[in-house]
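Reader: I'd like to go through this model with you and ask how each label is earned. Could we look at it together?

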Amino acid sequence: MTAVYELCAAAVVFGWCISRILGLVVSPARATALGYGLSAVIVLLSYSSFLTGMFTALLAPYGVLLPALALQNSAHGLGFQTKPYSIAEMLAAFGLYLFFLMASAGVFEWDPYRYGYGGQGAAIVAVLLSGYALWRGHIVLLGVVIVAQALWLLDIASSNLFDHLSHVLLVFILPITILRRATQKPQPDPDSENRRAG
């Protein structure tokens, strides 16, 4: 079951990456269809190859958060809207995750990663994230926590809850997203434009 899940997660992540590149030259809908289609073919054809093994060794476990964010981003490109994460939220997530990585690597005496294997630590993290997602209206994040809990309890992909709720690629994705959001020109509100015209 773990192999099947990792294969699907890899197809989603690679499909998102390919569609983002194709989106530079074709429409979002066509880029998404081509990106995920090509990814599925590549992953299936190279399932037992050295290339897939290399990417699996580098990126697995993919967890739940990274594929979910990839799908959410692709959905936004197709016009499906969910509540976006604010710059403050992304900065806080980036800072907390950097601290988590450094602590887990032994920079500090306290190692938070070991709490992800079970007990009260994992339960507290799940409850806090679920409460925050409900409070802020982040439905995708709430779904991530629920699916992560299910996979963790079933021991699929990883026996550590934090592997499902994070991924090292976020170290690169979050700063890029923050910079793009900070430098993005605000879009005019059509309702306010209509009111001024009336």
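Reader: Which residues of α6 meet which residues of α7?

Author: In α6, Ala 122, Ala 126, Leu 129, Ser 130, Tyr 132, Ala 133 and Leu 134 meet Leu 141, Leu 142, Val 145, Gln 149 and Trp 152 of α7. Contact here means heavy atoms within 4.5 Å. By class, these residues divide into 10 nonpolar, 2 polar and no charged. Ala, Val, Leu, Ile, Met, Phe, Trp, Tyr, Cys and Pro count as nonpolar, Asp, Glu, Lys and Arg as charged, and the others, Gly among them, as polar.

Before we go on, a word on the source: this is a predicted model, in which local features need pLDDT of at least 70 and side-chain atom pairs count only at pLDDT 80 or more, while totals for chains, interfaces and linings use all residues. Residues are numbered from 1 along each chain as its sequence is written, and side-chain values use heavy atoms, with hydrogens and water left out.

Reader: Thanks! What makes α6 roughly antiparallel to α7?

Author: The axes of α6 (residues 120-136) and α7 (residues 139-153) come within 8 Å and cross at roughly 155 degrees. Angles under 35 degrees count as roughly parallel, over 145 as roughly antiparallel, 65 to 115 as roughly perpendicular and the rest as oblique. Therefore α6 is roughly antiparallel to α7. The axes are lines fitted to C-alpha atoms, for helices over the stretch in contact, and angles run from 0 to 180 degrees between N-to-C directions.

Reader: And why is α1 called oblique to α4?

Author: Helix α1 (residues 2-22) and helix α4 (residues 65-77) pack at an angle of about 40 degrees, with their axes 9 Å apart. That angle falls in none of the named ranges, so α1 is oblique to α4. In this pair, Ala 9, Val 12, Val 13, Trp 16, Ser 19 and Arg 20 of α1 meet Leu 66, Pro 67, Ala 70, Leu 71, Asn 73 and Ser 74 of α4. The contact has 8 nonpolar, 3 polar and 1 charged residues.

Reader: How do you know that Met 90 counts as buried?

Author: Buried means under 20% relative accessible area, exposed over 50%, and partly exposed in between (1.4 Å probe, protein chains only). Met 90 has 7% relative accessibility, so this residue counts as buried. Met 90 lies in helix α5 (residues 87-104). Leaving aside neighbours within four places in sequence, Met 90 is in contact with Tyr 85, Leu 174, Thr 177, Ile 178 and Arg 181. Met 90 and Ile 178 are 88 residues apart in sequence and 6.9 Å apart in space, C-alpha to C-alpha.

Reader: Which labels do Asp 155 and Ala 157 get?

Author: Asp 155, at 47% relative accessibility, counts as partly exposed. Ala 157, with a relative accessible area of 18%, is buried. Asp 155 lies in the loop between α7 and α8, and Ala 157 is found there too. Phi is near 60 degrees for Asp 155, a positive value in a residue other than glycine, and near 75 degrees for Ala 157.

Reader: What makes a set of residues a nonpolar core?

Author: The members are buried Ala, Val, Leu, Ile, Met, Phe, Trp, Tyr and Cys residues joined through side-chain atoms within 4.5 Å. The largest nonpolar core has 32 residues, and those with the most contacts inside it include Tyr 5, Tyr 62 and Val 144. Helix α7 gives the most to this core, with 7 residues.

Key. Helices (H or I, at least four residues) and strands (E, at least two) are DSSP runs, numbered from the N terminus.
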